[in-house]
Amino acid sequence: MALSDQRPTGSSFGHKSTAAEVAAQVDLSGKTAVVTGGYSGIGIETVRALAGRGARVVVPVRTPQKATAALADVEGDITALPMDLADLGSVRRFGQDVAQMTPSLDLLINNAGIMACPMERVGPGWESQFGVNHMGHFALTQTLFPMLERADAPRIVALSSTGHKLSDIRWDDIQYAETEYDKWQAYGQAKTANALFANAASRRLLPHGGLAFSVHPGGIFTPLQRHLPQEEMIALGWLGEDGAPSERAMQGFKSPEQGASTTVWAATSPSLDGRAGVYCEDCDIAAVTDPDDPTARFVGVDPHACDDESAERLWTLSEALLAQA
């Protein structure tokens, strides 16, 4: 893709659309989907929408008891299998388990993630937000790729965020080995990585009739905020002094059902045919924004997150990191 591909389609859906509304006319009978983080927040609403339209949905779970309780009222063909994105061995075992269930995979939704957490290292020493949000999903995708190749018009959807505007890839010190850790900068780098991953993955899926996209789901109160103290969310304007959602948040934030809509749109909409690798928001392709424009702080996509050369550089680096793990 190129920056010129980041042109909105004029979608009939928008900021307040729900996943169920987006999926209403979609038939996913006979399709198989994997949704990471599919038992909380917008992930469970993504599972609900896909399973509700006939898809067989496989949900990787780190905490089986919690997942069983959360998914109990979700109707459809849903299977939970153990996996931890921070444990590459479990990621590979999950891939093997899925391969025993089905020969092909139609949809891979890389939804799970962590945000603004304290410094921690995972895997072979990766900074945790880069390690979980990007490298864990990169490893999962590599494991499942043969199954995606065998599907008819497969799609990958990677959950990015407007947080990508906080940081490009820190090419000289991705893992914070030499510089002081900044939890928001690290989150921004990880979300940029998610967008670049989709860009590069699309080129690898195209020969097999597939597509990949990244999406910003919007601001949503979910367990993603679990590492943020209340006083910080008040300072950010998300909560009022009483600890309840602020008026600004009530106006701009989405419900989990609305937050899942762009994911489901990217996974199913024919409007995206031929638009490989684009970054989406509010059930449409996002416009490219000027990083110096203060009015574009929470909308659009900055050029560094949809740059072909950077996407290929990150893919090559990620392969090397995975090979060394």
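This report describes the strands, helices, one pocket and a few single residues of a predicted model.

## The chain as a whole

The chain holds eleven helices and ten strands, and 56% of its 325 residues count as buried. Among the contacts between residues at least 6 apart in sequence, 73% join residues that are at least 24 apart.

## The sheet and its crossovers

Eight strands make up an open sheet with mixed pairing, and their order across the sheet is 3-2-1-4-7-8-9-10. At the edges of this sheet lie strand 3 and strand 10 (284–285), each of which pairs on one side only.

Strand 2 (residues 56–61) has five buried residues out of six and is therefore mostly covered. Strand 2 pairs in the parallel sense with strand 1 (residues 32–35) and also runs parallel to strand 3 (residues 77–82). The two pairings of strand 2 are set out below, each with one of its bridge partners.

| Pairing | Bridges | One bridge pair |
|---|---|---|
| Strand 1 and strand 2, parallel | three bridges | Ala33 and Val57 |
| Strand 2 and strand 3, parallel | six bridges | Val59 and Ala80 |

Helices connect these strands along the chain. Strand 1, helix 2 (residues 41–52) and strand 2 form a right-handed β-α-β unit, and strand 2, helix 3 (residues 64–71) and strand 3 form a right-handed β-α-β unit as well. Strand 2 thus takes part in both of these units, with helix 2 in one and helix 3 in the other. As a general point on strands, the side chains of a regular strand alternate between the two faces of the sheet.

## A buried helix and a pocket

Why is helix 10 (residues 261–268) largely enclosed by the rest of the structure? Eight of the eight residues of helix 10 are buried, and so the helix is largely enclosed. The buried residues of helix 10 are Ser261, Thr262, Thr263, Val264, Trp265, Ala266, Ala267 and Thr268.

Two of these names, Ala267 and Thr268, return in the second largest pocket, where they lie nearest the centre together with Lys31, Ala153 and Arg155. The pocket has a lining of 15 residues and contains about 240 Å³ of space. By character, the lining residues divide into seven nonpolar, three polar and five charged.

## Two residues in loops

Thr162 and Glu120 each lie in a loop, and they can be described in turn.

Thr162 is found in the loop between strand 7 (155–159) and helix 6 (183–205). Is Thr162 buried or exposed? Its relative accessibility is 14%, and because buried means under 20%, Thr162 counts as buried. Leaving aside residues up to four places away in sequence, Thr162 touches His216, Tyr279, Arg297, Phe298 and Val299.

Glu120 lies in the loop between strand 4 (107–110) and strand 5 (121–122). With a relative accessible area of 48%, Glu120 is partly exposed, because this value falls between the limits of 20% for buried and 50% for exposed. When residues up to four places away in sequence are not counted, Glu120 touches Trp126, Glu127 and Ser128. Glu120 and Tyr181 are 61 residues apart along the chain, and their C-alpha atoms are separated by 9.9 Å.

Definitions and conventions:
Residues numbered from 1 in each chain as written. Predicted model: local features only at pLDDT ≥ 70, side-chain atom pairs only at ≥ 80, totals over all residues. Heavy atoms only, no water. 1 Å grid on protein atoms, 1.4 Å probe; cavity = no way out; pocket = protein on both sides within 12 Å on 5 of 7 lines; lining within 4 Å. Points joined across faces, edges and corners; volume = space filled by probe spheres on them. Nonpolar A, V, L, I, M, F, W, Y, C, P; charged D, E, K, R; others polar. Buried < 20%, exposed > 50% of the residue type's maximum accessible area, 1.4 Å probe, protein only. Helix = DSSP H or I, 4+ residues; strand = E, 2+ residues; numbered from the N terminus. Contact = heavy atoms within 4.5 Å. Pairing = 2+ DSSP bridges. Right-handed = clockwise from strand over helix to strand, strands pointing away.
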